[in-house]
Amino acid sequence: MPEASPVDTAVFDAADHAFMAEAVQLACRGIYSTHPNPNVGCLIVAGGEVLGRGWHRRAGEPHAEVYALQEAGERARGATVYVTLEPCSHSGRTPPCADALVEAGVARVVVAMQDPNPQVAGQGIERLRKAGISVESGLLEAQARELNPGFISRMERGRPWLRVKLAASLDGRTAMASGESRWISGPEARQDVQRWRARSSAVMTGTGTVISDDPSLNVRLEASQLYGVEPLRQPWRVVLDSQLRLSPGARLLSLPGETLVMTVSENTAARSALEKAGATVCLVEAHNGQPSPQAVLAELAACEMNEVLLECGPTLAGAFMAAGLVDELVLYLAPHLMGDGARGLFHLPGLEKMQDRIALQWQDMRKVGDTLRLTLRPARD
């Protein structure tokens, strides 16, 4: 992702940092429910006392600033507002938050980062300043950007944030030579995957995985396990199926939620059968006889997908990695060996010399049950 922009010349004190840090934590409460909107947290403070707290819960519902203003009431007049994302200045599903702050009579607004949405992009800050409100930005911007990698990616790059989830043995094998792969990781790791699914706009796989495993690709957690926002939002299920081999009887087609099949085939009979089973079938640009990775992500961005979780085999994972489209890798490494005849993590033909390696950077490493979870991102020049 693009680097955070330089911090304003304003000097922030320890209290500013503490209040913005709390706003960041509040924003995290929307991570499973705000799609396609960004996660935003807001605090209203006067005399060192927090008068109002708010976080955006769901698209179409009030934004973080509105909830905080409702809690603060008349005490918001003359107060300082800490908000993780620039207040919106346009009317969408809800009225502009910049106008609400002006009407409330706040004196100062501290913004973590400017909104990358072209409909806002500095206009909210400008509206506040024109109303005589002091506005400072850039406080904890890096943390604020980490709240919304998908939203920022969609606005700035025109594609979702692509996270690849893989499970492997200690010797880097994802399935036996026969294709058998259940279960490589332990139950705690599989439960952990449910949270990655829950925060994603879509869970994507290839038709080979669906044919061999018949997965559900849904979230099997209760809303109470995900900050309690009801009803639980199910991500879209996306299947890349070049020849429309997906069976209309596949399990994922019988579950609540949307299933999108992306293909390069014009087989009208197969398409009709899948559509009757409840799928949406989308014809996309081909690359080597397969759905083009770039075209796939562009189409998902057009559908307002922010974060996409790719759960797949080595061929599809390799195709997106080779195309330079993988933003994050979540690898569950299990404490067993599967042998050199088993299948690897990525199919990446053409990597023959050390200089051809794809460099990755460590982000996180932790134990989940008996499984080691590794999080990495491609090294950026």
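In the predicted model, the cover over the buried residues of helix α1 includes the strands β1 (41-46), β2 (49-55), β3 (80-83) and β4 (108-111), together with helix α5 (141-147). The buried residues of α1 are D16, F19, M20, A23, V24, L26 and A27. These residues lie on the same side of α1, because the arc that they cover around the axis is only 160 degrees. The face of α1 turned away from this buried side carries A14 and Q25, both of which are exposed.

The length of α1 was also examined. Helix α1 comprises the 14 residues 14-27, for which a rise of 1.5 Å a residue gives an expected span of 20 Å; the C-alpha atoms at its ends are 20 Å apart, in agreement with that value. At the start of α1, the backbone nitrogen of A15 is approached by a side-chain oxygen of D13, which reaches to within 3.1 Å.

A second site of interest is E65, which an unreviewed UniProt entry annotates as "active site". This residue is found in helix α2, which is formed by residues 64-72. The relative accessible area of E65 is 3%, so the residue falls under the 20% cut-off and is classed as buried. When residues up to four places away in sequence are not counted, E65 touches C42, V83, L85, P87, C97 and L101. Among these contacts of E65 are the two cysteines C42 and C97. The residue that carries the annotation in the UniProt record is thus buried in the predicted model.

Methods:
Residues numbered from 1 in each chain as written. Predicted model: local features only at pLDDT ≥ 70, side-chain atom pairs only at ≥ 80, totals over all residues. Heavy atoms only, no water. Helix = DSSP H or I, 4+ residues; strand = E, 2+ residues; numbered from the N terminus. Expected span 1.5 Å × (residues − 1). Buried < 20%, exposed > 50% of the residue type's maximum accessible area, 1.4 Å probe, protein only. Arc of directions from axis to C-beta. Contact = heavy atoms within 4.5 Å. Polar contact = N/O pair within 3.5 Å; in protein donor to acceptor, adjacent residues only side chain to side chain. UniProt positions renumbered as here; feature names shortened; annotations may be inferred.
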